[in-house]
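Let's walk through this model one question at a time. Have a look at the fold before reading on.

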Amino acid sequence: MKFSLVIYGAPHASQSASSALRFARALLRQGHEIHRVFFYCDGVHNGSALSAPPQDEPDLVADWQSLQERHRLDLVVCIAAAQRRGLLNENEALRLEKPAANLAEGFELSGLGQLADAAVKSDRLITFGA
């Protein structure tokens with residue numbers, strides 16, 4: 001089956017991102033396909049290159065990056081939600097005249113059209129968080 005995941009929770013505020021990551025790993029181990037992982041609302045913080053969790057906690061940003069690299073996942077961060085929360089790629093930082101970009105490697109900014117596309121092209125769309 002082809003799945004897409006939507007993550008609403010920040011990595012430091014709830015278990016939703018961690019649960020989504022474990023679910024994604026299980027899907028891939030069982031031979032399923034992940035069409036897209038879409039980070040929305042506070043979930044966009046999962047794509048921050050400036051995240052620095054304590055040493056005794058998992059680094060979900062690095063874990064998503066590792067999974068993306070290994071399985072060529074499409075990790076999409078909602079551009080509108082990201083801008084509201086100060087998460088920018090190089091192009092948006094320049095366009096908005098901000099001093100720096102902080103979107104982690106392996107993640108891309110895009111609009112809600114990517115979420116609609118994921119819903120249409122996947123057999124299942126699973127959400128994590130509120």
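Q: Where does glutamate 97 lie?
A: This is a predicted model, so local features need pLDDT of at least 70 and side-chain atom pairs count only at pLDDT 80 or more, while totals for chains, interfaces and linings use all residues. Residues are numbered from 1 along each chain as its sequence is written, and side-chain values use heavy atoms, with hydrogens and water left out. Helices (H or I, at least four residues) and strands (E, at least two) are DSSP runs numbered from the N terminus. On that scheme, glutamate 97 sits in the loop between H4 and E4.

Q: Is glutamate 97 buried or exposed?
A: The scale runs like this: buried is under 20% relative accessible area, exposed is over 50%, and partly exposed is in between (1.4 Å probe, protein chains only). Glutamate 97 comes out at 72% relative accessibility, so the residue counts as exposed.

Q: What is the phi of glutamate 97?
A: Glutamate 97 is not a glycine. Even so, its phi is positive, at about 55 degrees.

Q: Which residue with a positive phi follows H2?
A: Look in the loop between H2 and E3. The residue there is exposed, with a relative accessible area of 62%. Its phi is about 55 degrees although it is not a glycine. The residue that follows H2 is arginine 72.

Q: What span does H2 reach from its first C-alpha to its last?
A: H2 covers residues 60–71, which is 12 residues. The expected span of a helix is 1.5 Å times one less than its number of residues. For H2 that expectation is 16 Å, and the helix comes close to it, reaching 16 Å.

Q: Why are the buried residues of H2 on the same side?
A: The buried set is Leu60, Val61, Trp64, Leu67 and Gln68. As a rule, an α-helix has 3.6 residues a turn, so residues three or four places apart point the same way. The arc here is that of the directions from the helix axis to the C-beta atoms. The buried residues end up on the same side of H2 because they cover an arc of only 130 degrees.

Q: Which residues are exposed on the other side of H2?
A: The buried residues of H2 pack against E1 (2–7), H1 (16–29), E2 (33–39), E3 (75–78) and E4 (107–110), where contact means heavy atoms within 4.5 Å. Over on the other side of H2, the exposed residues are Glu69 and Arg70.

Q: What do the buried residues of H1 pack against?
A: H1 has 14 residues and spans 20 Å, close to the 20 Å expected. Its buried residues are Ser16, Ala17, Ser18, Ala20, Leu21, Ala24, Leu27 and Leu28. They pack against E1, E2, H2 and E5 (124–128).

Q: Which glycine follows H1?
A: The residue to look for has a positive phi, near 90 degrees. That is glycine 31.

Q: Is leucine 88 buried or exposed?
A: Leucine 88 is in the loop between H3 (79–84) and H4 (90–95). Leaving out residues up to four places away in sequence, leucine 88 touches a list of residues including Gln83, Leu96, Leu103 and Leu109. With a relative accessible area of 7%, leucine 88 is buried.

Q: Which residues does lysine 98 touch?
A: Lysine 98 is in the loop between H4 and E4. At a relative accessible area of 47%, lysine 98 is partly exposed. Not counting residues up to four places away in sequence, lysine 98 touches Leu88 and Ala93.

Q: Which residues is asparagine 89 in contact with?
A: Asparagine 89 is in the loop between H3 and H4, and is partly exposed, with a relative accessible area of 21%. Setting aside neighbours within four places in sequence, asparagine 89 is in contact with Ala101, Leu103 and Leu109.

Q: How far apart are the C-alpha atoms of leucine 88 and alanine 104?
A: Along the chain, leucine 88 and alanine 104 are 16 residues apart. In space, their C-alpha atoms are separated by 9.3 Å.
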